[in-house]
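Trainee: I would like a close look at one part of this protein. Please walk me through its salt bridges.

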Amino acid sequence: MLHFRRPVATDGPAITALIAACPPLDRNSAYCNLIQCTHFADHCVVAERNGRVAGWVSGHRPPSDPDAFFVWQVAVAAEARGQRLARRMIDTLLMHPAQRGVTHLITTVTDDNAASWALFHSLARDHGADLERSVAFDREAHFAGAHATEFQARIGPLNKDKMQEEQGLS
């Protein structure tokens, strides 16, 4: 059985290992993951099964766009895939009190990450929300040719009543 919880600093090594096992995710430093588990814990979630980290979503509320929640990374262990775990973790985060007032979800995704595009298109569809796609960080201008262009997906407005209903909270 999966258990969703707020991350703690001691989750750092397991989260770092999970991200490494989930290409094409960028491997952040172990220190970055520790900061997410502590400073941004209210904007992240760990899915745990039998004491092991099976899923991770990190995010934050951008100061320049306070009505939005930015999904930074979504990682799901191979043995937990195909169970809508990524979607359930994102919905759990959106219902957290730290996300009160969020009307839009934003993220960045490379063009070739079909799994992420499928996730975010299904989230938009299921919540009757639009998904707007635009260039966030260009391969040449922002990455000096060393990384694929990151496209921003902006989804909203979100239907939180529908999320509550799906999670059995209404």
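Mentor: What follows is a short tour of the salt bridges, one pair after another. Keep in mind that this is a predicted model. A search of the whole structure finds 11 salt bridges. The general idea is simple: side chains of opposite charge can pair when their charged atoms come close.

Start with Arg87. The side chain of Arg87 meets that of Asp91 in a salt bridge, at 3.0 Å from N to O. Both residues sit in helix H3, four residues apart, so about one helical turn separates them. Asp91 is buried, with a relative accessible area of 4%. Arg87 is buried too, with a relative accessible area of 4%.

Arg87 has another partner, Asp126, and here the N to O distance is 2.9 Å. This pair reaches across the sequence: Asp126 belongs to helix H4 and Arg87 to helix H3, so parts 39 residues apart are tied together. Asp126 is buried as well, at 19% relative accessible area. That value falls under the 20% cut-off for buried.

Now step back. Salt bridges with shared partners join Arg84, Arg87, Asp91, Arg125 and Asp126 into one network.

Finish with another pair. Arg52 forms a salt bridge with Glu79, with 3.9 Å between the closest N and O atoms. Arg52 lies in strand E3, while Glu79 lies in the loop between E4 and H3. The two are 27 residues apart, so this pair also links distant parts of the chain. Arg52 is exposed, with a relative accessible area of 56%.

Methods. Residues numbered from 1 in each chain as written. Predicted model: local features only at pLDDT ≥ 70, side-chain atom pairs only at ≥ 80, totals over all residues. Heavy atoms only, no water. Salt bridge = Lys/Arg side-chain N within 4 Å of Asp/Glu carboxyl O. Buried < 20%, exposed > 50% of the residue type's maximum accessible area, 1.4 Å probe, protein only.
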